[in-house]
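Thanks for making time this morning. I would like to walk you through a structure that is new to most of us, going helix by helix, so please have the sequence and the view open as I talk.

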Amino acid sequence: MILLQLIYSGIALGMIYAVIAFGYQLTFATSGTLNFGQGEALMLGALVGLTLVGLGVNYWVMIPIVCIFGFAQGALVERVGVRPAIKTRSEFGWIMATIALGIIFKNVAENIWGRDDLRFPSPLPEAPIQVMGANVLPMELLVVFGALGMMILVEIFNRKSIYGKAFVATSNDRDAAGLMGINTGMVITFSYALSSLTAAFAGVLVAPLTLTGATMGAVLGLKAFAVAIIGGLSSGMGVVVGGLILGIAETTTGFYLSTGYKDVPGLVLLLLVLTFKPAGLFGKTAIKKV
């Protein structure tokens with residue numbers, strides 16, 4: 001029963017990693033770039049949500065407000081940090097720009113909310129429920145289904161809406177999409193906005209299960225990047241599987257060995273994937289003619 005309980009907790013943690021990693025996929029698909037401030041987008045979403053809840057806003061009403069905030073924050077990152085690098089065809093400019101903006105957001109958060117970790121009140125009962133003989137927090141179930149729901153909604157949007165089809169066309173061939181009249185610059189901005197929206201949404205999901213503070217996003221963003229690499233930056237299924245593997249590995253290793261070693265299995269897996277399957281477990285290797 002202890003093992004089953006650890007697996008449940010690992011699944012909840014893994015789905016948070018997966019939804020953040022899904023954001024990495026969105027930006028990589030359209031522009032070949034990544035937002036290395038994705039963890040800070042999660043952190044800002046959690047802190048803005050905490051502020052709204054503190055002002056008396058209902059948790060369920062707060063979620064769409066935080067998503068709008070995350071959308072705007074992601075668009076700002078693309079406009080300020082990524083677009084100039086893409087225009088000048090800088091290979092490393094967008095990396096340093098997104099890292100720099102992440103540090104700025106973290107410093108702003110420290111000055112507004114302070115450096116101490118804060119408790120985010122849970123919208124659901126904190127008493128665990130029995131699932132197949134093991135205890136599960138209702139908030140953990142919300143995390144799992146909420147993360148899955150967000151990724152499914154984005155996929156439906158991409159497949160069914162005209163804007164989503166422009167997104168898919170840009171991800172398949174940006175130059176060809178531009179020749180067909182699609183504003184690829186706006187599509188890239190939208191992908192960054194959507195990426196930060198998913199991270200902000202993940203922030204308000206995970207916040208009631210942990211402490212909320214200006215430093216909470218750094219580790220989550222880094223581990224989500226590892227999940228994206230393990231699963232494959234071109235595979236939605238890959239980030240879910242990669243997130244579950246990493247989440248369960250962390251919770252079981254932390255209990256049976258030591259919390260000091262809980263990060264080791266995921267990093268070892270990352271090194272193995274980079275060595276033997278660089279495109280990721282579910283990724284496709286791209287072949288370029290030169």
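Let me begin with helix α8, where 20 of the 23 residues are buried, so this helix is largely enclosed by the rest of the structure. Please keep in mind throughout that what you are looking at is a predicted model. Helix α8 runs over residues 184-206, and from its first C-alpha to its last it reaches 33 Å, which is close to the 33 Å expected at 1.5 Å a residue.

Now to helix α2, which has 17 residues and spans 25 Å between its first and last C-alpha, close to the 24 Å expected. Of those 17 residues, 14 are buried, so α2 too is largely enclosed by the rest of the structure. Just after this helix you will find Gly-56, which takes a positive phi of about 100°.

What does α2 meet in α3? The axes of α2, residues 38-54, and α3, residues 59-87, come within 9 Å and cross at roughly 140°, and that angle makes α2 oblique to α3. The crossing is right-handed. On the α2 side the contact involves Ala-41, Leu-44, Gly-45, Val-48, Gly-49, Leu-52 and Val-53, and these meet Met-62, Ile-65, Val-66, Phe-69 and Gln-73 of α3. Sorted by character, the residues of this contact comprise 9 nonpolar and 3 polar ones, with no charged residue. As background to the spacing of such positions, an α-helix has 3.6 residues a turn, so residues three or four places apart point the same way.

Helix α2 also packs with α9, and here the axes come within 7 Å and cross at roughly 135°, which makes α2 oblique to α9. The crossing of α2 with α9 is again to be described as right-handed. Here Gly-39, Glu-40, Leu-42, Met-43 and Ala-46 of α2 meet Met-216, Gly-217, Ala-218, Leu-220 and Gly-221 of α9, and the residues of this contact divide into 6 nonpolar, 3 polar and 1 charged.

Following α9 onward brings us to α11: the axes of α9, residues 216-231, and α11, residues 264-276, come within 9 Å and cross at roughly 40°, and the two helices are therefore oblique to each other. This crossing is left-handed. The contact is formed by Ala-226, Ile-229 and Ile-230 from α9, together with Gly-266, Leu-269, Leu-270, Val-273 and Leu-274 from α11, and its residues divide into 7 nonpolar and 1 polar, with no charged ones.

I will finish with two single residues. Is Asn-35 buried or exposed? Asn-35 lies in the loop between α1 and α2, and since its relative accessibility is 2%, it counts as buried. Setting aside neighbours within four places in sequence, Asn-35 is in contact with Tyr-24, Thr-27, Val-77, Thr-98, Tyr-192 and Ser-196. Asn-35 and Val-168, for their part, are 133 residues apart in sequence and 19 Å apart in space, C-alpha to C-alpha.

The other residue is Gly-178, which sits in helix α7, residues 174-179, and is partly exposed, with a relative accessible area of 35%. Between Gly-178 and Asp-116 there are 47 Å in space, C-alpha to C-alpha, and the two are 62 residues apart in sequence.

Notes: Residues are numbered from 1 along each chain as its sequence is written. This is a predicted model: local features need pLDDT of at least 70, side-chain atom pairs count only at pLDDT 80 or more; totals for chains, interfaces and linings use all residues. Side-chain values use heavy atoms; hydrogens and water are left out. Helices (H or I, at least four residues) and strands (E, at least two) are DSSP runs, numbered from the N terminus. The expected span of a helix is 1.5 Å times one less than its number of residues. Buried means under 20% relative accessible area, exposed over 50%, partly exposed in between (1.4 Å probe, protein chains only). Axes are lines fitted to C-alpha atoms, for helices over the stretch in contact, and angles run from 0 to 180 degrees between N-to-C directions. Angles under 35 degrees count as roughly parallel, over 145 as roughly antiparallel, 65 to 115 as roughly perpendicular and the rest as oblique. A crossing is left-handed if the near helix is turned anticlockwise from the far one by less than a right angle, and right-handed if clockwise. Contact means heavy atoms within 4.5 Å. Ala, Val, Leu, Ile, Met, Phe, Trp, Tyr, Cys and Pro count as nonpolar, Asp, Glu, Lys and Arg as charged, and the others, Gly among them, as polar.
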